[in-house]
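Subject: Structure for you to look at

Hello,

Here is the structure I said I would pass on. Please open it alongside this message.

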Amino acid sequence: MNNNTRIVIFDFDGTLGDTKKVILNTMQATIKELGLPERTDAECQAMIGLPLNAVPEALFPEVGITGEKYANTYRRIFQSYNEEGAVKLFPHVMETLEELRGRRIMMTIASSRSHQTLAEYIENLGLRDTISYVLGAENVKHPKPASDPVDKTLMIFSLRPETCIVVGDTVYDIQMGKNAGCCTIGVSYGNNTREQLEEAGADYVIDDFQDLLKYI
């Protein structure tokens, strides 16, 4: 247990919210509409956590499509799949966040998705009273895996890296936290495996969100 923790910075997709189905459906529809080479769901899933405009270079290096065109198409199609109730919190998220709030731990989100959709999810999923600050991909110059999202959050609240834990489901989250000098915890139920998270340098990996309470 880290008694110095004052703030926990969470990823959203695959960590707090189960968005995998919505994201994969949107990615496959985007690939089809743009006439891009077919990719498996597993290949698409490996891109979750990257900013949208970085996906084409990573997923279609042989195609000259711009990140902007891909991102704009994805965002438009996403709205048709992101129906009310399509995204739910993972098990034990709400009660664990409430427990952390009772311990006077500040909780924020740093995500590679847009600030607008993050704000909508927080409102619709009942997280407004527990999440103090939300940072989307467009809110920093260099998104994950750069340390900018963590650096900016800590600067706003005048906190130091040693008081912060970064929690996420992808190697990009772990790399972001490590780059910022923070303790990192990976969750194995999201979009990357326990092995991938450990290889990325996660200090701890948990299989159930409520296990986070053991380390704070």
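Below is what was found in it, beginning with the pockets, then the cavity, then one helix.

Please keep in mind that this is a predicted model.

Pockets

The largest pocket holds about 540 Å³ of space. Its lining is made up of 30 residues. To find the middle of this pocket, look for Leu 52, Tyr 74, Ser 112, Arg 113 and Ser 114, the lining residues that lie nearest its centre. Three helices each give at least two residues to this lining: α1 (20–34), α4 (67–81) and α6 (115–124). The largest share comes from α4, with 6 residues. By class, the lining of the largest pocket has 14 nonpolar, 9 polar and 7 charged residues.

The second largest pocket has about 190 Å³ of space. Its lining consists of the run Asn 82, Glu 83, Glu 84, Gly 85, Ala 86 and Val 87, together with Glu 120, Tyr 121, Asn 124 and Leu 125. Of these lining residues, 4 are nonpolar, 3 polar and 3 charged.

Cavity

With a lower limit of 30 Å³, the count is 1 cavity. The volume of the largest cavity is about 30 Å³. Around it are Ala 110, Ser 111, Ser 112, Leu 135, Gly 136, Ala 137, Val 140, Pro 143, Lys 144 and Pro 149. Its lining divides into 6 nonpolar, 3 polar and 1 charged residues. Ser 112 appears twice in this message: it lines the cavity, and it is also among the residues nearest the centre of the largest pocket.

Helix α1

As noted above, α1 contributes to the lining of the largest pocket. Does its length come out as expected or not? At 1.5 Å a residue, its 15 residues should span 21 Å, and the C-alpha atoms at its ends are 21 Å apart, so the two values agree.

Which residues of α1 are buried? They are Val 22, Ile 23, Leu 24, Thr 26, Met 27, Ala 29, Thr 30 and Ile 31. An α-helix has 3.6 residues a turn, so residues three or four places apart point the same way. The buried residues of α1 pack against α2 (41–45), α3 (55–59) and α4. Helix α4 is thus named in two places here: as a packing partner of α1, and as the source of the largest share of the lining of the largest pocket.

After α1 comes Gly 35, which has a positive phi, near 70°.

Regards

Note on methods:
Residues numbered from 1 in each chain as written. Predicted model: local features only at pLDDT ≥ 70, side-chain atom pairs only at ≥ 80, totals over all residues. Heavy atoms only, no water. 1 Å grid on protein atoms, 1.4 Å probe; cavity = no way out; pocket = protein on both sides within 12 Å on 5 of 7 lines; lining within 4 Å. Points joined across faces, edges and corners; volume = space filled by probe spheres on them. Nonpolar A, V, L, I, M, F, W, Y, C, P; charged D, E, K, R; others polar. Helix = DSSP H or I, 4+ residues; strand = E, 2+ residues; numbered from the N terminus. Expected span 1.5 Å × (residues − 1). Buried < 20%, exposed > 50% of the residue type's maximum accessible area, 1.4 Å probe, protein only. Contact = heavy atoms within 4.5 Å.
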